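Please examine the sequence and the three-dimensional model shown below. The paragraphs that follow lead through its main features in turn.

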Amino acid sequence: MQKTLKAHLKRLKTFLNYSKNYLIRNNPVKLFKKELIAGLKDAFSINKKRKLVRYKLKYQMHQLSQMEKLIAQNNEHTFLRGNKFNEMR
């Protein structure tokens with residue numbers, strides 16, 4: 001009886017040592033603090049990111065419209081450019 005009790009206490013002690021060392025290496029309070037700070041930084045910088053994305057989108061739309069204008073100018077089809085059809089009459 002005493003041997004089994006000692007064995008169980010030894011196993012419990014090693015388990016608690018492993019648990020303590022794991023918690024020292026991976027401290028949940030520090031991880032929570034780090035995640036909270038990262039979330040706050042994202043929340044405070046969201047307006048800046050939104051402005052940057054809006055600028056990039058407007059630039060891409062502008063580039064697309066310029067390309068469409070160039071394609072329409074150099075295309076001979078009348079549905080893209082009505083001026084040439086009127087000139088041919």
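Which residue caps the N-terminal end of α2? In this predicted model, the cap is Asn27, from which a side-chain oxygen lies 3.2 Å from the backbone nitrogen of Val29. Helix α2 itself covers residues 28-44. With 17 residues at 1.5 Å a residue, helix α2 should span 24 Å, and its end C-alpha atoms are indeed 24 Å apart, so the two values agree.

The wider chain may now be considered. The protein chain contains four helices and zero strands, and its pattern along the sequence reads α-α-α-α. Of its 89 residues, 1% are buried. The protein chain exposes about 9300 Å², of which carbon and sulfur atoms supply 63%.

Part of the surface is a nonpolar patch formed by Leu5, Leu9, Leu12, Phe15 and Leu16, which together have about 520 Å² of accessible area. One of these residues, Leu12, is placed in helix α1, which runs over residues 2-25. Leu12 has a relative accessible area of 43% and is therefore partly exposed, because partly exposed residues lie between the limits of 20% and 50%. A general rule helps in reading a helix: an α-helix has 3.6 residues a turn, so residues three or four places apart point the same way.

Charged side chains come last. A search of the whole structure finds one salt bridge. In a salt bridge, the side chains of Lys49 and Asp42 meet with a distance of 3.4 Å from N to O. Lys49 counts as partly exposed at 43% relative accessibility, and Asp42 counts as partly exposed at 43%.

How values were computed. Residues numbered from 1 in each chain as written. Predicted model: local features only at pLDDT ≥ 70, side-chain atom pairs only at ≥ 80, totals over all residues. Heavy atoms only, no water. Patch = residues over 30% accessible without salt bridge, like charges linked within 9 Å, V, L, I, M, F, W, Y side chains within 5 Å. Areas by Shrake-Rupley, 256 points an atom, 1.4 Å probe, with all protein chains shown as cover. Salt bridge = Lys/Arg side-chain N within 4 Å of Asp/Glu carboxyl O. Helix = DSSP H or I, 4+ residues; strand = E, 2+ residues; numbered from the N terminus. Buried < 20%, exposed > 50% of the residue type's maximum accessible area, 1.4 Å probe, protein only. Expected span 1.5 Å × (residues − 1). Polar contact = N/O pair within 3.5 Å; in protein donor to acceptor, adjacent residues only side chain to side chain.
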